[in-house]
Amino acid sequence: MSEQLVFRYKDDDTFILSGMDDFLMGLVAEIPKAAVPRSDASLRIFPSPTAGADTEADAEWETFVKPDLDSQFAFNRNRVAIDLKGVRHKGKAGFEMEIPAANLPAWIHALNQARLCLTVIHHLGEKELEGSARLHGPAGIAIFQIQFYGILQEWMLAVTKDI
Amino acid sequence: MDVPEIEVRDSVSSDLPWNVVVHNDPVNLMSYVTKVFVKVFGFSTERANKHMLEVHHKGRSIVWSGARERAEFYVQQLHGYLLLSTIEKNS
């Protein structure tokens, strides 16, 4: 077990995420993959702009807007994946990585994408996410993962003025 | 001179009643939603917070009303931030 998970300033342009043990590092490394809208998650990541009330408008949205959103979401995932290539192992202090301040919005959005996708894929609702339901196995791990990503998101939001 | 002015008003008023509605979901962080409202609509933090709390407690909030084209633009922005939002005709 590592000493302490820390997110801190290195300098004006860079943050450091450190103190990750194997398990937490695994979860962080999984952000780009978890954020890909697979199967049912696609419906949440690309919802109807009219809630299905205007099928013609929905079809136009699918053609003209969805590709732009898809590119935007892929950009966020790729930016995180690039930063993850800089992960270093610091012995007993666990894993550490630098995150450029300019990339924080991409991290915040990729974390959000991942949290939303995991929620849909594991059929989690408000009750489960608030911890009032006892879950084991993949759904239980997914809840931990969603909450851990939420903590990272909160830390990054706290130091980011412009998202 | 009066005629074009009347036409403009008619044109605008016939396209006005569209609401941008943000719906609650259990995943988006409250601090995140507030920042998105500030970014997309230029709201003050207080106003953004008020709408965020309305979404959280009432399940939805009308965050903007006006012409359909502009409403669609805002919904696209909100979808870009993964907020569950729709346009609705104001009945």
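Buried means under 20% relative accessible area, exposed over 50%, and partly exposed in between (1.4 Å probe, protein chains only). The model is predicted: local features need pLDDT of at least 70, side-chain atom pairs need 80 or more, and totals for chains, interfaces and linings use all residues. Residues count from 1 along each chain as written, chains are lettered from A and ligands numbered from 1 in written order, and side-chain values use heavy atoms, leaving out hydrogens and water.

Q: Which residues of α5(A) are buried?
A: Helix α5 of chain A covers residues 66-84 (helices are DSSP runs of H or I, at least four residues, numbered from the N terminus). Look along it and you will find the buried residues to be Leu69(A), Phe73(A), Asn76(A), Arg77(A), Val80(A), Asp83(A) and Leu84(A).

Q: Within what arc do the buried residues of α5(A) fall, seen down its axis?
A: An α-helix has 3.6 residues a turn, so residues three or four places apart point the same way. The buried residues of α5(A) line one face of the helix, because they fall within a limited arc. That arc, taken from the directions from the helix axis to the C-beta atoms, is 125°.

Q: How far apart are the end C-alpha atoms of α5(A)?
A: The expected span is 1.5 Å times one less than the number of residues. With 19 residues, α5(A) should therefore span 27 Å. The model agrees, since the end C-alpha atoms of α5(A) are apart by 27 Å.

Q: How many of the 18 residues of α6(A) are buried?
A: Helix α6 of chain A runs over residues 104-121 and reaches 26 Å from its first C-alpha to its last, close to the 26 Å expected. This helix is mostly covered, and of its 18 residues the number buried is 16.

Q: Which residue with a positive phi follows α6(A)?
A: Just look past the end of α6(A) for a phi near 55°. The residue that has it is His123(A).

Q: Is the pair of Phe23(A) and Phe144(A) stacked or tilted?
A: There are 12 aromatic pairs over all chains (rings of Phe, Tyr and Trp, using its six-membered ring, with centres within 6.5 Å; stacked under 30 degrees between planes, edge-to-face over 60, the rest tilted). In this pair the centres are 5.7 Å apart and the planes meet at 35°. The angle therefore makes the pair tilted.

Q: How many residues apart are Phe23(A) and Phe144(A) in the chain?
A: Phe23(A) sits in helix α1 (residues 22-29) of chain A, while Phe144(A) sits in helix α8 of chain A. Phe23(A) is partly exposed at 45% relative accessible area, and Phe144(A) is also partly exposed, at 38%. The pair links distant parts of the chain, with a separation in residues of 121.

Q: Is the pair of Phe144(A) and Phe148(A) tilted or stacked?
A: Both residues lie in helix α8 of chain A, four residues apart, about one turn of the helix. Their ring centres are 6.5 Å apart and their planes are at 10°. With that angle, the pair is therefore stacked.

Q: Is Phe148(A) buried or exposed?
A: Check the relative accessible area of Phe148(A), which is 5%. At that value, Phe148(A) is buried.

Q: Which residues of chain B do ring pairs link into a cluster?
A: Now switch to chain B, where ring pairs join several aromatic residues. The members of the cluster are Phe37(B), Phe41(B), Phe43(B), Trp64(B), Phe73(B) and Tyr74(B).

Note on methods
Helices (H or I, at least four residues) and strands (E, at least two) are DSSP runs, numbered from the N terminus.
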